Amino acid sequence: MLAPERIWWKPLHRMEKSWLIVAFSWCVLLTIMMPLWFFYGRQNVPATTFRTTPQKYQQQTTAFIEQYQVDTLNRLPVVAPPPDSDIYLLARQWQWTPVLQLEKGKTYRLHLSSTDVQHGFSLQPVNLNLQVLPGYDYVATITPTQSGEFSIVCNEFCSIGHHLMVGKIIVTE
Ligand SMILES: [Cu+2]
């Protein structure tokens, strides 16, 4: 029985060499892009995280709703806060509360937290995604650039009613 011919030391075929160059350059390019895009890409959410407690966050959200509620939608309060203010969105099994009514082109400090388990804030169809954790107040400065109605879906499995956890942000002109 003869061993198969050993050929690894033979010169690379032209095609093989070309593909190796392509693959290597691509790796180098992507490696450079990672830090570069962190600074120059426009996908980073300007956010700061603070410690809080579910009780404290619940109180802040309740006070926020009492102050700016304008309507009710599917038994959820609709809140229209003034521009440049702190706005609160509370995640809990299986609801996003309240419904936020914002103005296009105005800036808000969006607070996000959960009062039970981890949830995922996913704004659709914009595809803005943030983690929502109990005990942490996540503050993101946001400026809506389009008017219309946007859905907030939960993209972190939070048990049985997870698929029902849909909230809403309304952006007016
Ligand atoms: Cu969920």
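The C-alpha centres of domain 1 and domain 2 sit 38 Å apart in this predicted model. The domain assignment puts domain 1 at 13-42 and domain 2 at 47-172. Here's a quick tour of some backbone spots to look at. As background, most peptide bonds are trans, and most residues other than glycine have a negative phi.

**Cis peptide bonds**
- Going from threonine 97 to proline 98, the peptide bond is cis, and its omega is near -5°.
- You'll find proline 98 in the loop that links strand 5 (95-97) with strand 6 (99-103).
- Another cis bond runs from glutamine 124 to proline 125, this one with omega near 0°.
- Proline 125 belongs to the loop between strand 8 (119-124) and strand 9 (128-132).

**Positive phi in the loop between strand 8 and strand 9**
- Asparagine 127 isn't a glycine, yet its phi is positive, at about 65°.
- Look for asparagine 127 in the loop between strand 8 and strand 9, where proline 125 lies too.
- Asparagine 127 counts as exposed because just 8 other C-beta atoms lie within 10 Å, and the cut-off for exposed is 12 or fewer.

**Positive phi in the loop between strand 11 and strand 12**
- Serine 159 also has a positive phi, about 80°, without being a glycine.
- Its place is the loop between strand 11 (148-154) and strand 12 (166-172).
- Serine 159 has 9 C-beta neighbours inside 10 Å, so serine 159 is exposed as well.

Conventions: Residues are numbered from 1 along each chain as its sequence is written. This is a predicted model: local features need pLDDT of at least 70, side-chain atom pairs count only at pLDDT 80 or more; totals for chains, interfaces and linings use all residues. Domain bounds come from an automatic or database domain assignment. Helices (H or I, at least four residues) and strands (E, at least two) are DSSP runs, numbered from the N terminus. A residue is buried if 20 or more other C-beta atoms lie within 10 Å of its own, exposed if 12 or fewer, and partly exposed in between; C-beta atoms are placed from the backbone.
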